[in-house]
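Trainee: I should like to work through this model with you, one topic at a time. May we start with the backbone and end with the ligand?

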Amino acid sequence: MKTPAIVILGSASLPVARQIKIALPSAVIYGLENRTTSADQTYSNFGDLVRDLFSQCVPIIGICASGILIRTIAPLLNNKWQEPPILAIAEDGSAVVPLLGGLQGVNVLARQISEVLQVSPAITTTGELRFQTALLSPPQGYKLINPEDAKGFISDLLAGEKVRLIGEAFWLTNSQLTFSPQGKLTIAIVGKDLQEIKPNPTCLVYQEEEAKTGQLIIVGTGPGSAEWMSPEVRSVLLSATDWVGYKTYLDLVEYLRKPHIIRHESDNRVELERAEMALNLAVQGRSVVLVSSGDPGIYAMAAAVFEVLEHKQICEGSENRQDACSTVQSPYQNIEIRVCPGISAMQGAAAMVGAPLGHDFCVISLSNILKPWEVIADRISLAAQADLVIAFYNPVSKDRRWQLEKAKEILLQWRKPETPIVLAKNVGRPQQEVKIKSLIDLAIEDADMRTVILIGSSQTRLVKQSENKQWLYTPRHYR
Ligand code: SAH
């Protein structure tokens with residue numbers, strides 16, 4: 001499919017156009033000149049642009065009334081095999097209407113767009129609704145060899161005929177089609193060679209195309225709730241073939257999982273193995289999402305992936321010293337890797353109480369599993385001396401209890417006992433609990449594995465909004 005065009009008539013449509021680009025990052029936004037600023041391209045005449053795009057078979061996503069699109073294109077309609085997908089989207093994003101291009105995957109586009117706009121697409125194709133799969137436009141990686149036979153085939157299916165399946169495809173086995181070895185109709189999945197199966201009016205043949213480039217997208221789902229997950233991450237999760245991650249994190253997004261997405265869950269401790277497994281799945285051509293909570297680059301899986309990438313590099317032309325390599329070969333050189341950010345626990349915690357991270361701050365993990373305690377103790381001491389606000393991640397765990405007490409001792413050498421601190425547990429989750437206390441009152445029992453702790457600087461202070469409401473903030477200046 002060619003790169004879609006999003007056509008808008010005025011600036012009011014830009015927010016929806018940009019949301020659509022989250023689902024279709026390569027799409028180009030065309031804005032009417034003098035009516036729109038900051039579109040990717042401008043045009044002067046709507047009819048000329050749409051007809052031109054249509055004749056080049058470019059998918060058209062019009063943020064306008066469906067009638068305008070229909071009237072503009074109507075004179076050109078003469079061959080349904082060559083129509084690009086055409087969709088009308090309501091200016092406020094409340095309706096996604098696929099109009100034409102069923103054979104070119106208009107419903108697939110409508111679903112992708114609807115997911116980011118969080119509405120139901122107006123799908124009207126009976127076969128697709130009934131069978132929950134589009135026989136005319138199969139998912140990426142499959143090609144229908146005999147589309148000319150599909151119309152009669154689908155009519156027979158709608159009349160109740162059963163289907164015999166030769167070969168295997170997840171999108172068919174997960175559909176509502178009625179399969180039976182005795183079926184009068186046949187669907188065959190074939191590889192590169194068409195083999196002996198001959199397409200005919202009672203046998204649709206799908207050819208598996210060459211494996212596409214695999215992807216590994218490393219995402220952070222935010223601290224917990226759906227509102228704090230970015231639309232990009234949501235869209236990436238929905239379009240994956242595989243999810244990899246720690247069980248608790250996968251459970252947090254399970255409500256988004258479609259039946260064909262495979263879940264690979266693991267223990268929290270085996271980060272490098274998990275990263276390697278995700279990379280290897282991508283090498284096989286899968287679209288893999290590696291799931292972390294919060295932000296994937298903050299004490300999470302993104303760094304683990306790059307560590308595996310580094311260790312698996314094969315360095316040629318030197319004694320394995322990276323900087324002296326003449327060429328670097330990697331088993332992962334052909335896959336696409338991308339990192340999608342998320343809201344980290346400290347940001348969620350800060351937002352709950354005001355703006356404690358409003359000035360310089362630093363982040364320290366109290367876990368001494370991957371680094372020695374002396375390094376951590378030094379950092380706490382230096383951060384306290386530098387008067388930085390400090391966010392502590394991994395403050396305690398079942399087997400690590402004393403580190404937080406020690407951290408408190410070090411802090412009290414430099415910070416006043418009444419320094420405000422924030423104890424934020426399960427931020428953004430139903431069991432959220434956020435408390436403000438004084439440093440001197442910090443107790444181990446206040447924290448668990450799902451708590452992030454913010455330690456105020458000498459400037460961090462409480463401000464009253466009313467008798468019952470106060471906020472915590474760190475001013476942006478020293479006076
Ligand atoms: N990538 C995550 C951090 C993972 S390290 C992020 O950016 O948020 C795990 C630590 O993060 C936990 O021990 C806890 O300190 C903190 N944490 C993660 N989610 C949290 C939440 N919802 N509420 C409070 N703290 C959380």
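**Backbone, sheets, helices and ligand shell**

Trainee: In which loop does Gln118 lie?

Mentor: Please bear in mind throughout that this is a predicted model. The residue has a phi near 55°, a positive value, and it is not a glycine. Gln118 belongs to the loop between α4 (106-117) and α5 (126-131).

Trainee: Is Gln118 buried or exposed?

Mentor: The assignment rests on counting other C-beta atoms within 10 Å, where 12 or fewer make a residue exposed. For Gln118 the count is 12. This residue is therefore classed as exposed.

Trainee: What is the approximate phi of Asn426, and where is Asn426 found?

Mentor: Asn426 sits in the loop between β21 and β22 (433-438). With 18 other C-beta atoms within 10 Å, Asn426 is partly exposed. Although Asn426 is not a glycine, its phi is positive, at about 50°.

Trainee: How many residues of β21 are buried?

Mentor: Pro420, Val422 and Ala424 point one way from the strand, while Ile421, Leu423 and Lys425 point the other way. In a regular strand, side chains alternate between the two faces of the sheet. Both sets are buried in β21. The strand is therefore largely enclosed by the rest of the structure, and the buried count is 6 of the 6 residues.

Trainee: Which residue is the bridge partner of Ile421 in β23?

Mentor: β21 has pairings to consider with β22 and with β23. With β22 the pairing is antiparallel over 6 bridges, and Lys425 has Glu433 as its bridge partner there. With β23 there are 5 bridges, again in strands that run antiparallel. On that side, the partner of Ile421 is Ile455.

Trainee: Which strands stand at the edges of the open sheet of 6 strands?

Mentor: The order of this sheet is β3-β2-β1-β4-β5-β6, and the pairing is mixed. Neighbouring strands are turned by 25° against each other on average, direction ignored. A strand with a single partner has one side left without a neighbour in the sheet, so the edges are formed by β3 (41-43) and β6 (96-100).

Trainee: Within that sheet, which residue of β4 is the bridge partner of Val7?

Mentor: β1 (residues 5-8) and β4 (residues 60-63) run parallel and are joined by 4 bridges. In β4, Val7 finds its partner in Gly62.

Trainee: Through how many residues does the hairpin join β24 to β25?

Mentor: β24 (residues 461-464) and β25 (residues 470-473) run antiparallel and share 4 bridges. Arg461 stands opposite Tyr473 of β25. The hairpin connecting the two strands passes through 5 residues.

Trainee: Within what arc do the buried residues of α2 fall?

Mentor: In α2 (residues 46-55), Val50, Leu53 and Phe54 are buried. They line one face of the helix, because seen down its axis they are confined to a limited arc. The face turned away from them carries the exposed residues Asp48 and Ser55. The arc of the buried residues is 100°.

Trainee: Which exposed residues does α14 carry on the face turned away from its buried side?

Mentor: Gln403, Leu404, Ala407, Lys408 and Leu411 are the buried residues of α14 (residues 402-414). They cover an arc of only 140° around the axis, which puts them on the same side of the helix. An α-helix has 3.6 residues a turn, so residues three or four places apart point the same way. The face turned away carries Trp402, Glu405, Glu409 and Gln413.

Trainee: What separates the centres of domain 1 and domain 4?

Mentor: The assignment gives domain 1 (1-124), domain 2 (136-210), domain 3 (215-340) and domain 4 (345-473). Taken over C-alpha atoms, the separation between the centres of domain 1 and domain 4 is 49 Å.

Trainee: Which domains each give at least three residues to the shell around the ligand?

Mentor: The ligand is surrounded by 25 residues, the closest being Pro223, Gly294, Ser344, Ala345 and Val427. Two or more residues come from each of the elements β21 (420-425) and β23 (451-455). By character, the shell divides into 11 nonpolar, 10 polar and 4 charged residues. The shell draws at least three residues from each of domain 3 (215-340) and domain 4 (345-473).

Notes. Residues numbered from 1 in each chain as written. Predicted model: local features only at pLDDT ≥ 70, side-chain atom pairs only at ≥ 80, totals over all residues. Near = placed C-beta within 6 Å. Nonpolar A, V, L, I, M, F, W, Y, C, P; charged D, E, K, R; others polar. Domains from an automatic or database assignment. Pairing = 2+ DSSP bridges. Axes fitted to C-alpha atoms, helices over the stretch in contact; angles between N-to-C directions. Buried ≥ 20, exposed ≤ 12 C-beta atoms within 10 Å, placed from the backbone. Arc of directions from axis to C-beta.
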